[in-house]
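User: Please take a close look at the largest pocket, and then follow the chain on from there to its end. I would like one connected account rather than a list.

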Amino acid sequence: GAVRMVTLVEGATTYICHRKTAQDKFEKILSFSFKDSFEAIAFDANNEHIYALSNINRDKAALVRYDIANNKELDLIFEHPEVDCTGCRISRLTWKPQAVIYEAWKQEMHFLDADFAQNYQQLKSLLPNNQLEIAVISRSLDEKIWLVRTYSDRQLGSFYVYNTTTNTLQFLADNSPWMDKYELAEMRPIKYTTRDGLTVHGYLTLPVGVEASKLPVVVNPHGGPWARDHWGFNPEVQFLANRGYAVLQMNFRGSVGFGRKFWEASFKQWGLTMQNDITDGVQWLIEQGIADPQRIAIYGASYGGYATLAGITFTP
């Protein structure tokens, strides 16, 4: 229960600090620039090495085991070839990683522990709708009882308690049962190539029951800009789709989660190549025959608001 690691930021430099016991002073063990990331997750079983998500000396953030005493990376446990690793589930019994979380077009897990993987698949098979995604919110100290939530792009889902010993599922509550009567729109993953050859991933939501041809489109760039759009239930997108609009969301260069090189491509590119990524996405929709070029709108907040002003200025 003692705090043994802290993150310290001084200007553009971040330090990872460590102490062996609560009586010791914190010492800086690692420093890196704002272009790097290193997130300590947990100590391993020997209580000396740590598991961390790190992109130091690599493009994508990966799960590694790190030697504190000698200040060096010991093992690369898992690295996804296309996207950053964003989380890790650690067993509090063995202090070993059981799964690594990453987000391609939606959040997924790479399993490292056979028992955890089996429990997860058994849990999924018990759900009334196995098309739903599962978020494990919490587990009991013996890891036999799980609190889980289901979700999708068209549903806020439900809460359940899962017993791994008896392989039984207990329903707790629906998140928003009044939404079930509505036929909501599918959030589809898309990708296109920009004018300078970059691959941009995004999402396209089409109105239900309407032919995907010459539709009015609302382009909705995300804020940040060092953030990203996610697959899942989005009330604003569903509202617009319900009114007959196609909604285009794209993770333009500078969006996080796609590696260092893709992120750094946004430096000093506000209103320039970042805006071209948005424009190229609209052009792709027009070429696909989905968008009516005479009925295209753009709106957003934060950086998305900046992109909106740039859009109506450069490509009115």
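Analyst: Here is a walk from the whole chain to the pocket and then onward through the segments after it. This is a predicted model, so local features need pLDDT of at least 70 and side-chain atom pairs count only at pLDDT 80 or more, while totals for chains, interfaces and linings use all residues. Residues are numbered from 1 along each chain as its sequence is written, and side-chain values use heavy atoms, with hydrogens and water left out.

First, the setting. The protein chain has 5 helices and 19 strands, taken as DSSP runs numbered from the N terminus (helices H or I, at least four residues; strands E, at least two). Its C-alpha trace spans about 65 × 50 × 30 Å along the principal axes. Of the 316 residues, 46% are buried, meaning under 20% relative accessible area with a 1.4 Å probe on protein chains only; exposed is over 50%, and partly exposed lies in between. Among contacts (heavy atoms within 4.5 Å) with a separation of 6 or more, 46% join residues 24 or more positions apart.

Now to the pocket itself. The largest pocket has a volume of about 430 Å³. A pocket here is an open set of points on a 1 Å grid over the protein atoms alone, with protein on both sides within 12 Å along at least five of seven lines, and lining residues have an atom within 4 Å of a point. Points are joined across faces, edges and corners, and the volume is the space filled by probe spheres set on them. The lining takes in 20 residues, and those closest to the centre are Glu82, Thr199, His201, Phe258 and Phe262. Strand E15 (187–193), strand E16 (199–205) and helix H3 (260–264) each give two or more residues to this lining, and E16 supplies the largest share, 4 residues. Sorted by class, there are 10 nonpolar, 4 polar and 6 charged residues. In that count Ala, Val, Leu, Ile, Met, Phe, Trp, Tyr, Cys and Pro are nonpolar, Asp, Glu, Lys and Arg charged, and the others, Gly among them, polar.

Phe262 is a good residue to pause on. It sits in helix H3 and counts as buried because its relative accessible area is 10%. Beyond residues up to four places away in sequence, Phe262 touches Leu198, Thr199, Asn251, Phe252, Arg253, Gly254 and Ser255. One of these partners, Thr199, is itself among the residues closest to the pocket centre. For a sense of scale, Phe262 and Ser158 lie 104 residues apart in sequence and 35 Å apart in space, C-alpha to C-alpha.

Leaving H3, the chain enters the loop that leads to H4, where Lys268 is placed. Lys268 is not a glycine, yet has a positive phi of about 60°. Most residues other than glycine have a negative phi, and most peptide bonds are trans. With 79% relative accessible area, Lys268 is therefore exposed.

Helix H4 comes next, covering residues 273–287. Its 15 residues should span 21 Å at 1.5 Å a residue (1.5 Å times one less than the number of residues), and the end C-alpha atoms are 20 Å apart, so the two agree. Many of its side chains deserve a look: Thr273, Met274, Gln275, Asp277, Ile278, Asp280, Gly281, Val282, Trp284 and Leu285 are buried. These buried residues pack against E15 and E16, and also against strand E17 (215–219), strand E18 (246–251), strand E19 (291–298) and helix H5 (303–314). E15 and E16 thus bring us back to the pocket, since both contribute to its lining. After H4 comes Gly289, with a positive phi near 85°.

Further on, the loop between E19 and H5 holds Ala301 and Ser302. Ala301 is exposed because its relative accessibility is 56%; Ser302, at 57%, is exposed as well. Ser302 also has a positive phi, near 60°, in a residue other than glycine. Setting aside residues up to four places away in sequence, Ala301 touches His222 and Gly223. The C-alpha atoms of Ala301 and Gly223 are separated by 5.8 Å, although their positions lie 78 residues apart along the chain. Just past Gly223, the peptide bond from Gly224 to Pro225 is cis, with omega near 0°, and Pro225 belongs to the loop between E17 and helix H2 (235–242).

Methods. 1 Å grid on protein atoms, 1.4 Å probe; cavity = no way out; pocket = protein on both sides within 12 Å on 5 of 7 lines; lining within 4 Å.
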